[in-house]
Amino acid sequence: MQDFAAIDFETANFERTSVCSVGVVVVRNGEVVKNFYSLIQPEPNYYKYRCVQVHGLTNEDTDNAPVFPNVWKEIAPHIEGLTLVAHNKAFDESCLKAVFRCYQMDYPDYEFKCTYLASLQAFPEAENHKLNTIAALCGYDLTNHHHALADAEACAAIALKIL
């Protein structure tokens with residue numbers, strides 16, 4: 001794949017609609033042409049301790065952040081016509097669909113590919129298939145794991161190697 005957009009969401013709680021940050025990396029002709037990151041005011045707007053432990057975001061970070069529809073208006077033109085790629089697409093795709101439903105937005109039926117599933121075949125001998133492990137096997141150093149943009153960058157690097 002030479003043209004795609006890698007995407008990663010972090011959530012505030014266990015509701016898929018509670019996206020609190022998004023990272024997007026747009027790749028065209030095998031080159032990164034755009035990085036996008038935004039905090040998002042989650043819906044519902046509360047944080048679970050377990051989620052905060054993972055990504056470090058809290059209400060203080062997102063209380064003044066834009067709501068999802070406003071963030072997506074910035075992202076949508078850059079990813080139009082592109083396949084979306086995520087590491088564990090089941091999570092990120094379900095978040096995207098849930099938040100579109102939550103805000104009663106028309107979902108454009110984005111095609112998704114999964115670097116996690118692809119990594120199972122590409123690296124059957126890997127100790128695990130977590131994003132940071134597979135990124136390292138692809139020569140990418142993921143030093144800020146669970147920051148949405150850093151994770152999207154790692155996903156893009158993996159996709160360029162194995163998709």
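In sorting lining residues by class, Ala, Val, Leu, Ile, Met, Phe, Trp, Tyr, Cys and Pro go down as nonpolar, Asp, Glu, Lys and Arg as charged, and everything else, Gly included, as polar. On that count, the lining of the largest pocket in this predicted model comes out at 7 nonpolar, 7 polar and 7 charged residues. The pocket itself holds about 570 Å³ of space. Of its 21 lining residues, those closest to the centre are Glu-10, Val-54, Asn-88, Phe-91 and His-146. As for secondary structure, strand 1, helix 1 (49–55) and helix 4 each put at least two residues into this lining.

Strand 1 leads straight to the sheet. Here 5 strands make up an open sheet in the order 3-2-1-4-5, and the pairing is mixed. At the edges sit strand 3 (31–39) and strand 5 (112–114); each has a single partner strand, so one side of each goes without a neighbour in the sheet. On average, neighbouring strands are turned by 25 degrees against each other, ignoring direction.

Strand 1 (residues 4–11) and strand 2 (residues 19–28) run antiparallel and are joined by 8 bridges. Within this pair, Glu-10 faces Ser-21 of strand 2. Glu-10 has already come up, as one of the residues closest to the centre of the largest pocket.

Two helices deserve a mention alongside the sheet. Helix 4 (residues 89–102), another contributor to the pocket lining, packs on the sheet and touches strand 1, strand 2, strand 4 (83–86) and strand 5. Its direction makes about 80 degrees with that of strand 1. Helix 7 (residues 148–162), for its part, lies across strand 1, strand 2, strand 3 and strand 4, and runs at about 35 degrees to strand 2.

Then there is enclosed space. Searching the whole structure turns up 1 cavity of 30 Å³ or more, and the largest cavity contains about 40 Å³ of space. Its lining is made of Val-24, Val-26, Lys-34, Phe-36, Glu-74, Ile-75, His-78 and Ile-79. Strand 2, strand 3 and helix 3 (68–79) each provide at least two of these residues, with helix 3 giving the most, at 4 residues. By class, the cavity lining splits into 5 nonpolar, 1 polar and 2 charged residues.

Definitions and conventions. Residues are numbered from 1 along each chain as its sequence is written. This is a predicted model: local features need pLDDT of at least 70, side-chain atom pairs count only at pLDDT 80 or more; totals for chains, interfaces and linings use all residues. Side-chain values use heavy atoms; hydrogens and water are left out. Two strands pair if DSSP finds at least two bridges between them. Axes are lines fitted to C-alpha atoms, for helices over the stretch in contact, and angles run from 0 to 180 degrees between N-to-C directions. Contact means heavy atoms within 4.5 Å. On a 1 Å grid over the protein atoms alone, a cavity is a set of points where a 1.4 Å probe fits but cannot get out, and a pocket is an open set with protein on both sides within 12 Å along at least five of seven lines; lining residues have an atom within 4 Å of a point. Grid points are joined across faces, edges and corners, and a volume is the space filled by probe spheres set on the points.
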